[in-house]
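Visitor: I've got a chain to look over and would like a quick tour. Could you put it on screen so I can start asking things?

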Amino acid sequence: MTAEKPLRIFHINMHHKWGGQPNRILTTALGLRARGHHVCVSGPKGAMLVERAGAQGLAAFDDLELHRGFRPASMWRDIKALEAHFRAEKYDVIDTHGSQDTWASAFALRRLAAGERPAFVRTRHNIFPVAKHPLNRWLYRQIDHVVTISPQVIPLMEGLLPAEAFTAIYSAPDPKRFDVGDCRAAVREELDVAADAEIVGVVARLAPEKGHRVLLDAAPAILEARPQVRFIFVGTGRSRPAIEEQAAALGIADRVILTGFREDVPRLLQAFDLFVLPPISGESLGTSILEAFLMERPVVATDVGGVRESVRDGETGRLVPAENPAALAEAILDQLSHPNRAKDWARAGKALVEAEFTPEMIGRKTEDVYRRVLAARR
């Protein structure tokens, strides 16, 4: 807990469903509360993040719509609701995490008198480039500081703010969630996977940028060498129909299991023989890799964005070029063919996560950013 004056902090995100962004926000909020700060978590009504924050005893605010796209009436309603909330709660810091919530917060803050405005921090989660058109340039001039979840995100925003206005803070899984006991056999029985099958699993949103298509393209070569392999995709998203069609076209639909959204990811990870994350773009860190390492699962991933921060080729796992099914198949077969070495690398990955990717670090480093911003404003 900090010895300085506790801060009043507001986190807001536009997503309704659960995923990497909401998970990072909740971890950050809990880490800041553990350091003695008052934290409110906000999002659209019914958002899973707000519900989970409330269940953890955090303050929550969800009188918002935060619709995507250009909806002036809805945006104006959100701006007015945020303005009233900011006036009433007198926060020290507003931390936004998505596009719509950043714009709404920026306009709401502009409606406050200069002396009333809290510090404005933007946390950037993905690695898609930020267009440097006049509207975005105006938006970023309202922002005091940008936090990214890996160093690879920062160059994409150069020119919008000075270099000292960016800080990278890794995401981190909560290690307490990964003490699940021995449930490998039970999970395999539940998924109807034979005890002697080898599970190659992915935990990621079903979206084109996550690269499920590339893994499926690699699957025939993998199955030719190791026909006992089964592929399990954990997650939901718009790519599910395309994934099912591709698996059927390749004649491997019976080797691919799509579980949908699951609350028990640590249990599923324990049943995997190999964890794979094959993104082709947009992956700023790969938090699910950190979770796999905590379960000591061997890892193969593609070298996109910040993935190399945790997957160090030949040390903690295998790292291959993106959109290269042949290279991906070779790395997967290499890991499955050398289980003892793969386990050693997985243990090294776990040690790395426990040293450099912890919730305590998120809380401490985020607080440090806030205090530096507030000091500079004074």
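Visitor: Which residues have the most contacts inside the largest nonpolar core?

Guide: Keep in mind that we're looking at a predicted model. In general, nonpolar side chains in soluble globular proteins tend to be buried together. Here the largest nonpolar core has 85 residues. Those with the most contacts inside it are Phe-231, Phe-233 and Ile-332.

Visitor: And how many residues are in the other core, the one with Phe-10?

Guide: That core lies apart from the largest one. Phe-10, Ala-108, Ile-127 and Leu-139 are among its members. The count for this other core is 33 residues.

Visitor: Back to Phe-231: which residues is Phe-231 in contact with, leaving aside neighbours within four places in sequence?

Guide: Phe-231 falls within strand 9, which spans 229-234. With the sequence neighbours set aside, Phe-231 is in contact with Val-200, Leu-215, Ala-219, Ile-222, Leu-223, Arg-255, Val-256 and Ile-257.

Visitor: What radius of gyration does the chain have, set against a compact globule?

Guide: For 378 residues, a compact globule would come out near 21 Å, and the chain's value agrees with that. The C-alpha atoms fill a box of roughly 65 × 45 × 40 Å along the principal axes. The radius of gyration of the chain is 22 Å.

Visitor: What share of the contacts joins residues at least 24 apart?

Guide: The pool here is contacts between residues at least 6 apart in sequence. The chain they belong to has 13 helices and 13 strands. The share joining residues at least 24 apart is 70%.

Visitor: How far apart do the centres of the positive and negative side chains lie?

Guide: There are 50 positive and 48 negative side chains to place. Take the centre of each set, and the two lie 6 Å apart.

Visitor: Is Ser-310 buried or exposed?

Guide: Ser-310 is in the loop between strand 12 (299-302) and strand 13 (318-320). Not counting residues up to four places away in sequence, Ser-310 touches Ile-289, Leu-290, Phe-293, Thr-316, Leu-352 and Phe-357. Buried means under 20% relative accessible area. Ser-310 is at 0%, so it counts as buried.

Visitor: Ser-239 is another loop serine, so to speak; what is the relative accessible area of Ser-239?

Guide: Ser-239 lies in the loop between strand 9 (229-234) and helix 8 (240-249). Leaving aside neighbours within four places in sequence, its contacts are Leu-206, Ala-207 and Pro-208. Ser-239 is buried, with a relative accessible area of 10%.

Visitor: How far is Ala-348 from Arg-312 in space?

Guide: Ala-348 is found in helix 12, residues 339-356, and is partly exposed at 31% relative accessible area. Away from its neighbours within four places in sequence, Ala-348 is in contact with Glu-315 and Thr-316. Ala-348 and Arg-312 are 36 residues apart in sequence, and their C-alpha to C-alpha distance is 9.9 Å.

Visitor: Now some backbone angles. What is the phi of Leu-66?

Guide: Most residues other than glycine have a negative phi. Leu-66 has a positive one, and sits in the loop between strand 3 (59-61) and helix 3 (72-89). Leu-66 is also buried, at 2% relative accessible area. Its phi is near 50°.

Visitor: And what about Glu-323: what is its phi?

Guide: Glu-323 lies in the loop between strand 13 and helix 11 (325-337). Glu-323 is partly exposed, with a relative accessible area of 49%. Its phi is positive too, near 55°.

Key
Residues numbered from 1 in each chain as written. Predicted model: local features only at pLDDT ≥ 70, side-chain atom pairs only at ≥ 80, totals over all residues. Heavy atoms only, no water. Helix = DSSP H or I, 4+ residues; strand = E, 2+ residues; numbered from the N terminus. Rg over C-alpha atoms; globule rule 2.2 N^0.38 Å. Contact = heavy atoms within 4.5 Å. Lys, Arg positive; Asp, Glu negative; His and termini not counted. Charge placed at Lys NZ, Arg CZ, Asp CG, Glu CD. Core = buried A, V, L, I, M, F, W, Y, C linked by side-chain atoms within 4.5 Å. Buried < 20%, exposed > 50% of the residue type's maximum accessible area, 1.4 Å probe, protein only.
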